[in-house]
Amino acid sequence: MEHTPPPFFKRGPAPLVRLFFFASLSLALLVLDARFRYTEGLRSVLALAAYPLQRAATAPIDFLRTVGDYFSTQAQLFEDNATLRAKNLALSQAAQRYETAEAEAAQLRRLIGAGEKLAVKSTPAEILYAGRDPYSHKIFINLGERQGVKPGSPVADEAGVVGQVTRVHPLVSEVTLVTDQDHVVPVQVVRNGLRAIAFGGGPSGMLELRFTAGNAEIQNGDRLVTSGIDGIYPAGLPVATVVRIERDAEHSFARVICRPVAGVDRGRFVLVLSDETARPPRPEEAQSGKERRSEKARRARTKERDG
Amino acid sequence: MALGGTSEHILRPARVSTVAASFAIALLLNFLPWKDLRLVPDFVALVLTFWCVRQPRLVGLGVAWGVGLLVDAGNGVLLGQHALAYSALAFISIWLSRRILWFGPVLQAAHVAIILAVAQTLVLVVRIAAGDPFPGWAIYVSPLAGALLWPIVSWLLVLPQRRLEREQTI
């Protein structure tokens, strides 16, 4: 059907050999990426190549949105303005009270000699698109290395924690949502201060508190906030609400299911928080057995010499 | 024209620019902010299948592997999972290329459904091996949707290779 003449001589290696070659190359890359994370450089170069297409793909949606904004009615705008003004009033009052409370707290912390808490800096970012991967829960935002985003920064919206920046490309960053299976947040129950760890629930879009004792004092409707002891999330950000508790006498742990409070699967804008609180350095890890033995031997030797 | 039938048109040779443009458009469609990704066909895989069936000498495993890496990086998934799946897809498509074109649109689509499902299964195996949970059988809707689009996609992609009716009769 095509009239290209069949090349009789130059055919290259057999297809099966080629398949074997490329499959082993892919497998090697997979292992390097999943186990050792050696491929970040290659990934950011490729991501930069895909960036114009990604921006172009979101352009029609942005355009439709702009057109929609243009045709919004005056009545709608008035109504929005009124609600926003009322909300602003309420919030400014809350902010004033918060300021005095913060000053008071800082004074009290100084009195008891605790380290000062620095303010958390927040940068607004726009969600570009959700990751095209049904196996994980990730979103991409329009801030990258150029704008000073660092891997590990927490990301929140107006309601609570959305997730954490896990990978930073030059122009975009990848945020792993709190509902991702590999995501963990240390939390605290607001009502009684009980600490727990919230794991992402994967496809269910929920969170799960693992390793909470069967008799732990936790109820349906309890609100969970970040405890801040991990050194990543600032303390006191709302995370989730408990929706279901299954206590089973067979297991020593209770099964606690919570719903995230932030719009992890909706909304357009998020805040990237950069918490630069001065923290004391972590205590050194326990020494491994071999080192400990050698140290013991050395101590024994010095004792012999001294004694 | 002696042969007459529509499928027997003598086509122009495919240009590299056409291939590149089709991949760019497919990537663009993939990057659109879809609501549920499990139900959306993988346009890149579909275009890749088309070119591997039609032009096995122009688009082969090397192209498939490179495009796969681009998809991996763009989607922020494990580097190599689509590269592996697309290489296998290209291999099967080239292997079946002489067979597929003999069938009508429906049976061609059936072949394509199987090829796309094999690629999807490879991705699934890689992700489960990497420790991710099973996302549900809905992921196999995507290859089926892709197969449904096959007749349209193959008609569209042959279009730039068509000659004018007048040219053919000369």
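The questions below concern surface residues, a cavity and a pocket in a predicted model.

Residues are numbered from 1 along each chain as its sequence is written, and chains are lettered from A in the order in which they are written. In this predicted model, local features need pLDDT of at least 70, side-chain atom pairs count only at pLDDT 80 or more, totals for chains, interfaces and linings use all residues, and side-chain values use heavy atoms, with hydrogens and water left out.

Q: In which helix does Val67(A) lie, and is Val67(A) buried, partly exposed or exposed?
A: Val67(A) lies in helix α2 (residues 40-70) of chain A; helices (H or I, at least four residues) are DSSP runs, numbered from the N terminus, as are strands (E, at least two). Buried means under 20% relative accessible area, exposed over 50%, and partly exposed in between (1.4 Å probe, protein chains only). Because its relative accessibility is 31%, Val67(A) is partly exposed.

Q: Where is Trp102(B), and is Trp102(B) buried or exposed?
A: Trp102(B) sits in the loop between α4 (81-100) and α5 (105-129) of chain B. Its relative accessible area is 76%, so Trp102(B) is exposed.

Q: How far apart in space are Trp102(B) and Ile139(B)?
A: In sequence, Trp102(B) and Ile139(B) are 37 residues apart. From C-alpha to C-alpha, the distance in space is 29 Å.

Q: Which element gives the most to the lining of the second largest cavity?
A: A cavity is a set of points on a 1 Å grid over the protein atoms alone where a 1.4 Å probe fits but cannot get out, and lining residues have an atom within 4 Å of a point. The search finds four cavities of 30 Å³ or more, and the second largest has a volume of about 70 Å³. Two or more lining residues come from each of α2 of chain A and α3 (61-75) of chain B. With four residues, the element that gives the most is α2(A).

Q: How many charged residues are in the lining of the second largest pocket?
A: A pocket is an open set of grid points with protein on both sides within 12 Å along at least five of seven lines, and the second largest has a volume of about 1,200 Å³. Of the 39 residues that line this pocket, those closest to its centre include Asp265(A) and Lys35(B). Asp, Glu, Lys and Arg count as charged, Ala, Val, Leu, Ile, Met, Phe, Trp, Tyr, Cys and Pro as nonpolar, and the others, Gly among them, as polar. The lining divides into 18 nonpolar, eight polar and, as charged residues, 13.

Key
Points joined across faces, edges and corners; volume = space filled by probe spheres on them.
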